[in-house]
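Me: I would like to learn how to read helix packing and a chain-to-chain contact. Could you walk me through a case?

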Amino acid sequence: MIDTSSMAKTERGASFWQDAWHRLWKNKLAIFGLAVVTILAVLSFASPLICRYIIGFSYDQQNLALGPVAPNHTHWLGTDPLGRDLLARLLYGGRVSLMVGLCATVVSLTIGVIYGAIAGFIGGKLDMFMMRAVDILYALPFTIFVILLMVFFGQNIILLFVAIGAVQWLTMARIVRGQVMAVKRQEFVEAAHALGLRRTRIIFRHIVPNLLGPIIVYATLTVPEVILLESFLSFLGLGVQPPHSSWGVLIKEGAEVMEEYPWLLMYPGVMMALTLFSLNFLGDGLRDALDVRGSKD
Amino acid sequence: MFRYITRRFLETIPVLWIIATVTFFMMRLAPGGPFDAEKQISPEVRARMEAHYGLDKPLFEQYLTQMKHLLHGDLGPSFKYPGRTVNEIIADAFPVSLELGFEALAVALVFGLAAGMVASLKQNSAWDHVPMSLAMAGLCVPTFVMGPLLISAFALHLDWFNAAGWYFPRDRVLPALTLGAYYAAYIARLARGGLLEILNQDFIRTARAKGASMRRILFKHALRGGILPVISFLGPAVAGLLTGSFVVETIFGVPGLGRYFVTAAFNRDYFMVMGSVLFYAGFVVALNLAVDVLLVWMNPKLRFE
Amino acid sequence: MPNRTRLTFCLTLVYLAMIGCGKRTTLVEIGNRTQELLLNNMGEPATLDPHIGIGDIEHNIILSLFEGLVRADPQTLSPKPGVAERWEISPDGKVYTFHLRKTARWSNGDPLTAQDFVESYHRILMPSLGAQYSYMLYPITNAEAFNSGKITNFDQVGCKALDERTLQITLHSAAPYLLSMMYHDSWDPVPVSVIRKHGAIDDPTNPWTKPENFVGNGPFVLKEWRMNSHILVEKSPTYWDAKKVRLNKIFFDATEDSDTAERMFRSGQIHSVPKALPSKVAFYRKYKPNLIVTYPLLGTYFYKFNVKRPPMNDKRVREAMAMAIDRQAICDTVMRAGEEPAYCLTPPNCGGYTCATSLKEDVARARRLLAEAGYPDGKNFPTVELLFNTLQSHKAVAEALQQMWKKNLNVNISLHNEEWKVYLDSLRRLDYFMGRSSWVGDYVDPSTFMDLFLTDSGNNETGWSNPEYDRLVHIASNTGDQAVRYAAYQKAEAILLDEMPIIPLFYYTWPRLIRSSVKGWYPNLLDEYDFTSIYLVPGTN
């Protein structure tokens, strides 16, 4: 047996993940994105505390006599037509939007990865069937389908996660399947097989780590799409329902009064755009960092 | 090639059948029906109307009848618009969506490819970051915000256009821009990514070393390969573009198909929903096929997969 | 210097574009000159058949294309001669004799006769047609029996053509509001022979209203119909009063989205938008008051209770909730179009009837009632869902009321909005606790509201039934003596307000955006246009 321990000490190698992190760190836009998302996530989840102690208003506290006012000392971002503080609603809405984004992405991730992995790994006739099913689902007009789902099952927020997730998993399944098939063919897997390693061990020890890269990238890119999707559903009246509020709802309400009370559109719009920007840049950065083929040195 | 196309074509039939079945049962089982109205109709009138359209028969019998009609290409009558058939409505609205879709596609391709090419040539410079950030804006601003913003700026304040409507050639501009923005952004990013992948390869470096200009390299070598991801994306995207966007059509008052898709579901206009779904599905399937054929033609390697 | 040349070139283009595209002539200005009225009609009409159309969208267009025996005066809503130039009413109020004018014609030149009216009423009462508003003709003797299939010989129904120009209608009991009921499209004549040419007379999908087939008797004829886009009607040369009509064309725009419609109005594409969004109302009132008119509409906005479902089955709970809110605040800060708080079902001055209400807002009393019902200070009050259909204004009202109930009674009402059809279905099946509802009168008489809460009314949807209420409303339907009728309605409404199956919230106000070049238009309770009087003044805006 070759003594590998002595050889390992001469050169300080870096693992795949350390390399990737290095590349990511060099990408300024991606790091900016990461920072923004983290700050937002912290703010959003701490929003009940912030609303109570710093702002002083809660997201559903109405003040009918006051009505909509422009940003001032009491209401830092102004109020909406029912006199509710915009900053409080923005933070609360952010919480809901990010949660929808996260949960729906997790749903689509779970379904997509399991589905794609099975199809890719087993291959053959099963794979053909499963991919044909994906083709069928791709051809369904998403809008009608989600409307039917929401109408059929009622409008609660859990259903929203499921409905959006159920539509997003298709691309994930395709990517995972493609990746699994590519990895399956590689020599080290054949070698492991030849060495007699059990299938489960091959899957978990060798194939799954290679999937993580594309999955992370795609998941990061799915979250903004989900948030946009939710805002579109709000436009139709099917998104998050009262008493909850999300950025989609705030933007829709703001777009309706764009000329009269521009702050109601501006702040939620900028906030949402900033978040989506950040997530997209982060996702791009991750893709550049984790894509082994893309590195040219 | 011919056999491939025929095989794919035949494969679409079971696909469409499954879609039709799923749509049928989902629509029928949803609460609320086409004849529910704020001023409720009497039970006798309701019974009569349901009998007229065959809605009083057992569900499975209705399903079979509908399938039979579909095979003949008869999409049935509309409940919301008595006197109109679904075929008629689609034939009337589709050309509008088609025109809008093409114009939006043109906007998307022109701006997207231009931005993507420039960005890939001058990677990591201002010429890269600025267009890509603008492209990001196209992806991150929902159409129901972008549309009113454009209208407010160009129609209401600058008075260059009408606020809505589809009557004059000028009316096409703002809707096409709004609808195309999202796709332009996507195409820009895809083109940049695809082109970068090619441009960083060795044979390009060789060409540059040999003295070829960037423009020649771009158009002669890189574009062909770099376009591939764009084309893959275009398939389903074009289906969405051409069948109309509900949001853009609502905001700009365009009498296209997109609005019918959504309102039909809300109105429980059963045959209209089925017709819309199948029309859209057929489109997607056809476009996917076209895209696959195009990809195979452009990249002979794929033929053996 | 190629870069600088390019830059100059671009800047010049931009500059030219800006001045070249300068002030366009707006469509409204063109319309003012050519007497073409550009109206937003809030949506695509389901049909243009007067016997099948059910909503305002259809009605506005049908108004221009057909004319009944009488027309409404746009200011007073009193009956004016239409196709009938004069009429007599028998002393017992049961027989109406109409004399049609000689000059009345269909748009294809055929004379309009009394027989045409008889055949039209026959058509709408045919059970096989399934007309939703056939009940408007039920005052006619045996009309209801014929419409429900109990009799099959139309000769037994009380309308006869005594001769070519005399139409006699017999009622089973006097109905003082009959003439105002006749403004409704269901009483319009239709060209029966033309309809038969294009299909069966009782087929609701008969294509006789397509522009190439269309024949009507109104001041305008159908010229163009582009689905989801517009309908264009042109002045009819065969209309008996064509000399009076000053408009040449009317363009009904089918834009449904209120935001889009308002932008079109602002951009000079539209003369009038019937309904502006609440947020815009405040804006227009402040900055452009000459472009907006607000006027009362014959309608009430209320919440229904499902009186079969606890805790709503306890009258005291219902009363408490109806008393513990601030309607004026809702009108002033949420709706903001000048709506009036409602303490009755019927709007005030409904054909001269104003209900004497007992309902008053009284938080202290409400709290006492709630305690009596077993929920002192809201303790143990079960979660009650408030159902409404998905619309921004309904949501705003619901949210405001939710807060009021929480503050005043300490009860938690959860909001539940459903998509339109689902909401309708829930109401119909009584699958709700409290539901938002409204009713706009079909004609100016309290019966159109009071009939709603009869035990067997399909629009009741509350499970509430009171035999005394039914009895009183039936008395009112069966007599012609207005004093007796209104007295009965007062008593009936008092019962309704005592038992409170509904919470009246406010009476509708209509905020209409309209340019000052539109003359001859007057606001009225039914928001009824009179296209023969409207005209445009060029040069104003």
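Reply: Gladly; what follows is a short tour of two helix pairs and one interface in this predicted model.

Me: What describes two packed helices?

Reply: Two numbers do the job: the angle between the axes and the distance between them. Take helix 4 (residues 47–55) and helix 5 (residues 86–122) of chain A, whose axes come within 9 Å and cross at roughly 170 degrees. Angles over 145 degrees count as roughly antiparallel, so helix 4 and helix 5 of chain A are roughly antiparallel to each other.

Me: Which residues in helix 4 of chain A meet helix 5 of chain A?

Reply: Ser47(A), Ile50(A), Cys51(A) and Ile55(A) do, and they face Leu87(A), Ala88(A), Leu91(A), Tyr92(A) and Arg95(A) of helix 5. By class, this contact has seven nonpolar residues, one polar and one charged.

Me: At what angle do helix 4 and helix 11 of chain B cross?

Reply: Roughly 130 degrees, with the axes coming within 7 Å. Helix 4 and helix 11 of chain B are therefore oblique to each other. Ile89(B), Ile90(B), Ala93(B), Phe94(B) and Ser97(B) of helix 4 contact Leu257(B), Gly258(B) and Tyr260(B) of helix 11. Six of these residues are nonpolar, two are polar and none is charged.

Me: How many residues of chain B are in contact with chain C?

Reply: Chain B brings 39 residues, against 36 of chain C. On the chain B side, helix 2 (43–52) supplies the largest share, five residues. Other helices with at least two residues there include helix 4 (86–121) and helix 11 (257–267). That side of chain B divides into 20 nonpolar, nine polar and 10 charged residues.

Technical notes: Residues numbered from 1 in each chain as written. Chains lettered and ligands numbered in written order. Predicted model: local features only at pLDDT ≥ 70, side-chain atom pairs only at ≥ 80, totals over all residues. Axes fitted to C-alpha atoms, helices over the stretch in contact; angles between N-to-C directions. Helix = DSSP H or I, 4+ residues; strand = E, 2+ residues; numbered from the N terminus. Parallel < 35°, antiparallel > 145°, perpendicular 65-115°, else oblique. Contact = placed C-beta atoms within 7 Å. Nonpolar A, V, L, I, M, F, W, Y, C, P; charged D, E, K, R; others polar.
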